[in-house]
Structure formats: C-alpha cells, structure tokens
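Biologist: I am new to this structure and would like a close look at a single part of it, the region that carries a patch of charge on the surface. Please take me through it slowly, and then show me the unusual spots in the backbone.

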Amino acid sequence: MSWTRDLLTGLAELLAARGVGDWSPSGIYTDAQTAITISGLPSKPDLAISLTYYGLGNDGEDVTQADASAQVQVRIRGKADPRQVDDLADEVFEVLHGLSNVELPGGVWVLLCQRTIVAPPDRDQNGRRVRADSYDLLCHRPSLHRAE
C-alpha cells in the first residue's frame with residue numbers, strides 16, 4: 001500500500017479500536033453503525049466520519065529529514081440534533097489530539113497529532129449536521145532520497 005493509504009487506514013482502524021465508530025474496508029455499513037470512511041461521507045448511515053489527507057502543512061516537506069507534516073480533515077456527520085455531531089467530534093478529539101510516538105496499524109509512525117481547525121457546523125441536503133475538523137500530524141516518512 002501507499003504511505004497515504006496506510007496513514008488514513010491506520011487512523012480509521014485506531015478510531016474503530018477505541019470505539020469511536022466502525023471501520024469497514026468494504027465500505028458496507030448498517031444503519032445502526034457509525035461509519036468511518038476514507039475521502040468522503042457515504043449517503044448512509046446517518047452517523048459517519050470521513051478521513052481525508054489534504055496537505056503538507058505550512059512547512060512543506062524537508063528534503064533532508066525523514067519526518068513529514070501531514071494534514072487530515074475529519075468530516076463528521078450526525079443526525080438533525082446538533083449535539084450529536086459535536087459528541088462524535090469530541091470522541092475523535094479524545095483519540096487523536098495529543099497522540100504521540102504511536103505506530104498506527106499499517107506501520108505509519110505518528111510523532112505528534114493536534115487539532116488545528118474546527119469549522120462551524122452546517123447541514124447536508126438531508127438536514128443532517130456536518131462538521132469538519134482539521135488535524136496536523138508530524139509523521140515519520142522516510143523515502144528513497146531521505147534518510148531513515
């Protein structure tokens with residue numbers, strides 16, 4: 001797998017292992033589950049969390065160091081009750097914010113993770129509350145031209 005895939009899948013597996021939601025690599029969920037998905041919210045179930053890699057952070061990539069910045073957006077959807085989306089976002093925060101020196105399933109090392117943005121909640125076309133939080137991660141990412 002690719003590093004980005006391993007990062008997002010590892011975060012999904014970590015959130016599921018901590019009871020925040022349900023990770024299904026097949027993308028099939030029941031209406032009673034809280035779906036954890038990669039790069040987009042499914043139409044069902046109502047409760048869902050999507051993880052998307054979207055940037056390198058302000059510092060970009062250092063060509064001499066094997067540590068890299070990564071930004072991950074966590075989109076969270078609840079039902080019509082606005083407290084539900086905030087509850088899910090709080091559960092994600094409890095697992096991710098402050099995470100340090102942890103090897104995720106799949107082998108990606110997260111050296112530090114912190115929430116940097118909380119976007120105001122909105123509604124989707126079905127009236128469900130949606131919120132996006134952003135997390136900055138410092139990860140170990142050696143490559144062909146960067147030292148281990």
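Modeller: A charged patch, as the word is used here, is made of residues that have over 30% relative accessible area and no salt bridge, with like charges joined within 9 Å. In this model, which is predicted, Asp87, Asp90, Glu91 and Glu94 gather on the surface in such a patch, and its charge is negative. One of these residues, Asp87, has its place in helix α2, and because its relative accessibility is 46%, a value between the limits of 20% and 50%, Asp87 counts as partly exposed.

Helix α2 spans 82-96, and the loop between this helix and β5 (102-103) holds Asn101. Asn101 is not a glycine, yet its phi is positive, at about 50°. Most residues other than glycine have a negative phi, and most peptide bonds are trans. As for its surroundings, Asn101 has a relative accessible area of 55%, which is over 50%, and it is therefore exposed.

A look at another loop, the one between β2 (35-38) and β3 (48-55), adds to the picture, since Pro45 lies there. The peptide bond that leads from Lys44 to Pro45 is cis, and its omega is near 0°. Ser39 also has its place in the loop between β2 and β3, and the phi of Ser39, a residue other than glycine, takes a positive value near 60°.

Technical notes: Residues numbered from 1 in each chain as written. Predicted model: local features only at pLDDT ≥ 70, side-chain atom pairs only at ≥ 80, totals over all residues. Heavy atoms only, no water. Helix = DSSP H or I, 4+ residues; strand = E, 2+ residues; numbered from the N terminus. Buried < 20%, exposed > 50% of the residue type's maximum accessible area, 1.4 Å probe, protein only. Patch = residues over 30% accessible without salt bridge, like charges linked within 9 Å, V, L, I, M, F, W, Y side chains within 5 Å. Areas by Shrake-Rupley, 256 points an atom, 1.4 Å probe, with all protein chains shown as cover. Salt bridge = Lys/Arg side-chain N within 4 Å of Asp/Glu carboxyl O. Lys, Arg positive; Asp, Glu negative; His and termini not counted. Charge placed at Lys NZ, Arg CZ, Asp CG, Glu CD.
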